[in-house]
Amino acid sequence: LAAVASVQASIDNPIRTHQVNFDGTLNLLEAARGAQVGRFLYACSAAVYGDTARIPVSEQTPPNPLSPYAVDKLTGEYYLLHYYRKYRLAATSFRFFNIYGPRQDPSSPYSGVISIFVDRLQRNRPVTVYGDGSQTRDFVYVADLAELLARAAHGPEGVGGIFNVGTGKRHSLLQLLDQLEKLSGKKIARHHEASRLGDIEHSCADVSRLKQVFGTTPAEPFEQG
């Protein structure tokens, strides 16, 4: 799970991002092979898909990474599958969509948008929206993700497979702001700036494979989360 988990940070410093995200993954795969570990779960990303014409996006969609972060995540996944085929490492790749939840750090501009917006709301400060706010994301509550990973770590399901981890639903940034205003009873001042390089316009998971193999999908309602 350790990574430089930011598209923008990877664009700003692609070499450091590559050293952490790709070299770190390869080092762990080698260590796992040497130690003959029983299970290896890889935190991949929906960023590997890039912008796609068809939404929701399935695992069969050809990758189209738009940032160094996405390139490193995809390359790490290819190595993961190599270790599964060549060395029989019991590996599974999960392509996370937008994970959010308690204790997510809002102090960095690279943090998840929900944690940043909530922080600005609590401090009565304006939020910065990159683009017009119509871009959409599939937001997944962290407890749902943790439950899935704990189950996968202790079971045989999905070995050698690639799985989207999403809800199959998407919300725009403007809908997110409206929901936060509704829950808090406060108005949020909005400042718009140009879209950022490497940002994906629309993202939503086809979770049919996840449901078929694991019998479940992330289910925490967006409003409750």
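A residue is called buried when its relative accessible area is under 20%, exposed when that area is over 50%, and partly exposed in between. The structure described here is a predicted model.

Glutamate 77 belongs to helix α3, which runs over residues 68-87. Because its relative accessibility is 1%, glutamate 77 counts as buried. Apart from residues up to four places away in sequence, glutamate 77 touches Tyr42, Cys44, Ser93, Arg95 and Ile162.

Helix α3 also takes part in the largest nonpolar core. This core has 19 residues, and those that touch the most other members are Leu29, Phe40, Tyr49, Leu80, Leu89, Ala91 and Phe97. Two or more residues of the core come from each of α2 (14-35), β1 (40-45) and α3. The element that gives the most is α3, with four residues. Another core lies apart from this one; it has 15 residues, including Tyr100, Phe139, Leu180 and Ile188.

Phenylalanine 97, one of the core residues with the most contacts to other members, also has a wider set of neighbours. When residues within four places in sequence are left aside, phenylalanine 97 is in contact with Ala46, Tyr49, Val57, Asp138, Val140, Asn164, Val165, Gly166, Ser203, Cys204 and Ala205. Phe97 appears again in the lining of the largest cavity, together with Ala46, Tyr49, Gly50, Thr52, Ile55, Val57, Ile200, His202, Ser203 and Cys204. The volume of this cavity is about 50 Å³, and the structure holds one cavity of 30 Å³ or more. Seven of the lining residues are nonpolar and four are polar, with no charged residue among them.

The second largest pocket contains about 180 Å³ of space. Its lining consists of Tyr100, Ile114, Val118, Leu176, Gln179, Leu180, Leu183, Phe222, Glu223, Gln224 and Gly225. Helices α4 (113-122) and α6 (173-184) each supply at least two of these residues. The largest share, four residues, comes from α6. By type, the lining divides into seven nonpolar residues, three polar residues and one charged residue. Two of the lining residues, Tyr100 and Leu180, are also among the members of the 15-residue core.

Helix α4 is largely enclosed by the rest of the structure, because seven of its 10 residues are buried. The buried residues are Ile114, Ser115, Ile116, Phe117, Asp119, Arg120 and Leu121. They are covered by elements that include β3 (98-100), β4 (127-130), β6 (139-141) and α6. Just after α4, asparagine 124 takes a positive phi of about 55°.

Two of the buried residues of α4 are paired by charge. The side chains of aspartate 119 and arginine 120 form a salt bridge, with an N to O distance of 2.6 Å. Aspartate 119 is buried because its relative accessibility is 14%. Arginine 120, at 18% relative accessibility, is therefore also classed as buried.

A search of the whole structure finds eight salt bridges. In one of them, the side chains of lysine 187 and glutamate 181 meet at 3.5 Å, N to O. The two partners fall into opposite classes: lysine 187 is exposed, because its relative accessible area is 72%, whereas glutamate 181 counts as buried at 11% relative accessibility. Salt bridges with shared partners join Asp178, Glu181, Lys187 and Arg190 into one network.

A further salt bridge links arginine 151 with glutamate 157, whose closest N and O atoms are 3.6 Å apart. Arginine 151 has 38% relative accessibility and so counts as partly exposed. Glutamate 157 is likewise partly exposed, because its relative accessibility is 24%.

Both partners of this salt bridge touch phenylalanine 214. Leaving aside neighbours within four places in sequence, phenylalanine 214 is in contact with Phe94, Leu148, Arg151, Ala152, Glu157, Gly158 and Phe163. Phenylalanine 214 is found in helix α7, residues 208-214. With a relative accessible area of 1%, phenylalanine 214 is therefore buried. Between phenylalanine 214 and aspartate 72 there are 27 Å in space, C-alpha to C-alpha, and the two residues are 142 residues apart in sequence.

Conventions: Residues are numbered from 1 along each chain as its sequence is written. This is a predicted model: local features need pLDDT of at least 70, side-chain atom pairs count only at pLDDT 80 or more; totals for chains, interfaces and linings use all residues. Side-chain values use heavy atoms; hydrogens and water are left out. On a 1 Å grid over the protein atoms alone, a cavity is a set of points where a 1.4 Å probe fits but cannot get out, and a pocket is an open set with protein on both sides within 12 Å along at least five of seven lines; lining residues have an atom within 4 Å of a point. Grid points are joined across faces, edges and corners, and a volume is the space filled by probe spheres set on the points. Ala, Val, Leu, Ile, Met, Phe, Trp, Tyr, Cys and Pro count as nonpolar, Asp, Glu, Lys and Arg as charged, and the others, Gly among them, as polar. Buried means under 20% relative accessible area, exposed over 50%, partly exposed in between (1.4 Å probe, protein chains only). Contact means heavy atoms within 4.5 Å. A salt bridge is a side-chain nitrogen of Lys or Arg within 4 Å of a carboxyl oxygen of Asp or Glu. A nonpolar core is a set of buried Ala, Val, Leu, Ile, Met, Phe, Trp, Tyr and Cys residues joined through side-chain atoms within 4.5 Å.
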